[in-house]
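Welcome to a short tour for newcomers. Have the sequence and the 3D view open, and follow along at your own pace.

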Amino acid sequence: MPVGLVLEGGGMRGWYTSGVLTAFKEEHIQFPAVYGVSAGALNALAYISGQLNQHSATSYMKHMKDKRYMSVGNLRRTGSFFGFDFMLEELPHQIPFDYGTFFNSSIGLQVGTTNLQTGKAVYFNKSDMDESFTAVKASCSLPFISNIVEYHDYPLLDGGCSEPIPIERSLRDGNERNVIVLTQEAAFREKQGSNFSHSVLKMKYGRYPNFVHSFEQHFQIYNHEIALCNRLEQEGKAVIVRPHNHISFGRHYRETVQLLPIYNMGVSDGREKLPVIQKLFLGINESCPSQNIFSENTSAS
């Protein structure tokens with residue numbers, strides 16, 4: 001039975017996801033399909049290329065101090081707070097990114113974006129990717145602080161606007177069981193925005209009324225998806241990995257000293273969930289780590 005790996009976004013909280021995926025990679029756990037939005041999509045690239053470890057994580061963390069990564073200066077010059085060309089084109093050649101392993105991997109990828117014309121999610125698979133990872137740029141392009149990305153004739157923004165947790169896409173693709181990595185603690189629920197935020201949203205994106213309507217319902221969509229994830233876990237059809245402590249950031253959130261503990265929390269929580277994943281989806285115990293490979297032919301107990 002195929003098993004999907006579902007990755008929530010969450011900005012800097014994505015370092016938690018990176019830690020969880022590092023724990024999976026340590027045990028050679030490979031999923032046939034990965035679903036990611038925003039920071040989850042960025043982590044999916046590293047997971048599929050096989051480049052998740054503490055060394056590569058700290059290397060990227062150090063580069064986050066570079067103003068080309070994210071800064072008000074970027075926003076003034078380009079219209080985007082995030083320097084996506086630096087993040088997804090220049091940095092991968094400095095560190096470097098293993099394009100060959102990524103594009104030749106048997107692991108499928110679905111990157112979620114939001115179509116402003118319809119207000120609904122549009123997903124791109126690996127065959128849609130160019131070496132600039134434009135679809136991933138779109139998936140990470142937050143409203144108000146990012147430019148609209150035109151790709152495949154769609155005007156696109158952050159995938160989290162329409163489907164912040166891409167669990168329903170995984171289910172539609174036939175993955176009856178899923179491992180879901182969330183970046184908020186269990187008690188978190190999103191609240192409705194204010195009338196002021198509604199006015200600003202209409203002012204900025206008024207020519208995309210479907211997007212405005214969808215984004216205003218974001219809190220309901222997110223809470224619905226959380227409820228679905230929890231129900232699937234209760235039914236034994238999903239394993240959720242989420243932070244056991246609240247993740248907060250101080251003024252120096254770019255510093256490795258702040259980000260590394262978040263990453264390490266993800267490693268710890270990922271390792272803690274491994275026996276549950278093995279038992280539910282593989283029908284094996286901790287004494288058989290060499291069998292921890294998910295594939296479409298894997299039979300669950």
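A polar contact here is a pair of N or O atoms within 3.5 Å, where, within protein, one atom must be able to donate a hydrogen and the other to accept it. Please keep in mind that this is a predicted model.

With that in hand, let us begin at threonine 183. Its side chain reaches the backbone oxygen of glycine 9 at 2.8 Å. Threonine 183 lies in the loop that runs between strand S7 (177-181) and helix H9 (195-205). Is threonine 183 buried or exposed? Its relative accessibility is 1%, so threonine 183 counts as buried, the cut-off for buried being under 20%. Leaving aside residues up to four places away in sequence, threonine 183 touches Glu8, Gly9, Gly10, Arg13, Thr17, Pro243 and Ile247.

Next, turn to helix H5, residues 84-94. Which of its residues are buried? They are Phe84, Phe86, Met87, Leu88, Leu91 and Pro92. These buried residues cover an arc of only 165° around the axis, so they sit on the same side of H5. On the face turned away from that buried side you will find the exposed residues Asp85 and His93. What covers the buried residues of H5? The cover includes helix H2 (39-49), helix H3 (54-63), helix H6 (99-104) and helix H7 (134-139).

Follow the chain into the loop between H5 and H6 and you meet proline 96. A cis peptide bond joins isoleucine 95 and proline 96, with omega at about -10°. This is worth a pause, because most peptide bonds are trans, and most residues other than glycine have a negative phi.

The second half of that rule leads to two more places to visit. Serine 38 has a positive phi of about 55° although it is not a glycine. You can find serine 38 in the loop between strand S2 (33-37) and H2, and it is buried, with a relative accessible area of 9%. Phenylalanine 144 also is not a glycine, and its phi is positive at about 75°. Phenylalanine 144 belongs to the loop between H7 and strand S5 (149-151). Is phenylalanine 144 buried or partly exposed? At 35% relative accessibility, phenylalanine 144 counts as partly exposed.

Last come the charged pairs. How many salt bridges does the structure hold? There are 10 salt bridges, and the table lists some of them, including the pair of aspartate 66 and arginine 68.

| Acidic residue | Basic residue | Closest N and O atoms |
|---|---|---|
| Aspartate 66 | Arginine 68 | 2.7 Å |
| Aspartate 173 | Arginine 169 | 3.2 Å |
| Glutamate 235 | Arginine 231 | 3.6 Å |

Several of these partners can be placed by their relative accessible area. Aspartate 66 is partly exposed at 21%, and arginine 68 is partly exposed at 38%. Aspartate 173, the partner of arginine 169, counts as partly exposed at 37% relative accessibility. In the remaining pair of the table, glutamate 235 is partly exposed with a relative accessible area of 42%, while arginine 231 is partly exposed with 44%.

One more link ties back to an earlier stop. Asp66, Arg68 and Glu90 are joined in a network of salt bridges, and residue 90 falls within the range of H5, residues 84-94.

Terms used: Residues are numbered from 1 along each chain as its sequence is written. This is a predicted model: local features need pLDDT of at least 70, side-chain atom pairs count only at pLDDT 80 or more; totals for chains, interfaces and linings use all residues. Side-chain values use heavy atoms; hydrogens and water are left out. Helices (H or I, at least four residues) and strands (E, at least two) are DSSP runs, numbered from the N terminus. Buried means under 20% relative accessible area, exposed over 50%, partly exposed in between (1.4 Å probe, protein chains only). Contact means heavy atoms within 4.5 Å. The arc is that of the directions from the helix axis to the C-beta atoms. A salt bridge is a side-chain nitrogen of Lys or Arg within 4 Å of a carboxyl oxygen of Asp or Glu.
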